[in-house]
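Thanks for coming, everyone. Let me put the structure up, and then we'll walk through it piece by piece.

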Amino acid sequence: MEPLLEPLSAREPPVPRPIFILEMRITGALKARKGEQKLKSISVLVPLETVQVSLSEIGFLLEDAATIVADGKFWNRLLYSRGEETISVSEEIGDVYPKDPIITICGSKNTISRVITGVGG
Amino acid sequence: MPLYECNEHQFVENIRRLIEAGEKFLVNRKIILHDDAKYGPATLPDEEFKRYSALCTRKSLNSTVHARVPFVDAFHGGRMYGEGDNLHSAGSLLFPRMSVPYYRVEYSVNVWGGTYLFTFDALFDPKIAIEKRAGRRLGRKGSLVHVIKYNPPAERVLAINLPKQVTVFDVKHMVRVIDHSSNF
C-alpha cells in the first residue's frame, strides 16, 4: 500500500511565482534605500530658532552642544539626532549679520528634503 | 602637494560630491588637546563670557578681565587667583593669565594629489562649583572657595557626521610632502 503523503525529500522545491520575486526585489530595494545614508550641507539665511523648530517638528532631539572656533569666529555647534540620523547646526556667536547657520545632515533622502523644505530652502 | 583649506560647508559638500562620483577615498581625523593660552576670557564673545561671569568681570569684549571672587583653577594644577587679580589684560591679549583649554580638530581628505582640510578648535566647557579646599592661601583646615573645572566636549559633537560607507582614520600627525616633480 502506498503512503498517503510522499516524503519531504522527494518533493520538488516550490517554484516561486514571478510576481513574488518582483515583490521581494522591491521590498529589498526599499529596505536598502531606507537604511542608506546621504550627506548634505546647507547654509541658510534663517534664524537658528526657525531651524530648531523645523528639526523638532520632524522628531530630531538636541543631543549635545559645544563652542567651536573656526575661520577666526566663534560658533555654537549643536548636535541633533533621530535614531541613526544626525544633524549638526553651527551658528556664529554674537550680533553678526547676516546670520546663516550651517546645517549638515547625515540621513535619509527623505529627511534631507524635509529639512531643506522646513528651513525654506 | 597643494593644500586646500575648506570651511565646514565646503568640506562636507566636497565629500558628498566624492561619494556621488563613486570615488574611493579616506577621511583622516586628528584631535589633539592644546593648552597654549590661545583663548583667554577677554577675547571670548559676550555669550561665551557669561559662563565665566560668576568668577570674573569685564567692561566689554577685549577689555581687561579681573577676578570677581577668589577661585581655584582645578585644570591647571589648582592655580589660585585672588579677588581683583588681572586675569587677561587688554594690553596683552595674546598672553592671558587665565586660559581655556581646547581640542584642535583637523579633518582632511586626499584626492588626486591634493589635500582638502577643515580645522576648528573646540573649547572645553567650564564648570564652576564651590568646594572646600585647603592650601597656603586657604588655610590648613581649608575653606569654601569657587573652583573652575574644564570638561572636554563630547566626541560626538566634534565629529562631522558622515555616512557609514565613508571610512574615517584617526591620525596623530600629517606629514606634508612637497612634490617637486612639477618643476621638471
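Start in chain B, at V65(B). Opposite V65(B) stands H88(B), a residue of β7(B). The strands here are β4, residues 65-67 of chain B, and β7(B); they pair antiparallel, over 2 bridges. Now widen the view. β4 is the middle name in the order β3-β4-β7 of chain B, an open sheet of 3 strands with antiparallel pairing. Which strands are the edges? They are β3 (56-57) and β7 (86-88) of chain B, and each pairs on one side only. One caution before I move on: this is a predicted model.

Over to chain A. Chain A has 3 helices and 5 strands. Along the sequence the pattern reads α-β-α-β-β-β-β-α. Chain A has 121 residues, and 29% of them count as buried. On contacts, take those in chain A with a separation of 6 or more: 45% come from residues 24 or more positions apart.

Next, helix α3 of chain A, residues 109-118. Which of its residues are buried? T111(A), I112(A) and V115(A). Why do these sit on the same side of α3(A)? Because they cover an arc of only 100° around the axis. What do the buried residues of α3(A) pack against? Their partners in chain A are β1, α2 (48-57), β4 and β5. Then look just past the end of the helix. G120(A) comes just after α3(A), with a positive phi of about 80°.

Now the interface. In chain A, 26 residues are in contact with 26 residues of chain B. Where do the chain A residues come from? At least two each are supplied by β1 (38-43), β2 (61-70), β3 (73-82), β4 (85-92) and β5 (102-107) of chain A. The largest share is from β2(A), with 8 residues. By type, the side of chain A that touches chain B splits into 11 nonpolar, 9 polar and 6 charged residues. I'm counting residues here; the size of an interface is also often given as the accessible area lost when the parts come together.

Stay with β2(A), as it also pairs across the chains. Its partner is strand β9 of chain B, residues 114-123; the two run antiparallel and are joined by 2 bridges. For a residue to click on, take V69(A): its bridge partner in β9(B) is D121(B).

That's the tour. Questions, please.

Notes. Residues are numbered from 1 along each chain as its sequence is written. Chains are lettered from A and ligands numbered from 1 in the order in which they are written. This is a predicted model: local features need pLDDT of at least 70, side-chain atom pairs count only at pLDDT 80 or more; totals for chains, interfaces and linings use all residues. Two residues are in contact if their C-beta atoms, placed from the backbone, lie within 7 Å. Helices (H or I, at least four residues) and strands (E, at least two) are DSSP runs, numbered from the N terminus. Ala, Val, Leu, Ile, Met, Phe, Trp, Tyr, Cys and Pro count as nonpolar, Asp, Glu, Lys and Arg as charged, and the others, Gly among them, as polar. Two strands pair if DSSP finds at least two bridges between them. A residue is buried if 20 or more other C-beta atoms lie within 10 Å of its own, exposed if 12 or fewer, and partly exposed in between; C-beta atoms are placed from the backbone. The arc is that of the directions from the helix axis to the C-beta atoms.
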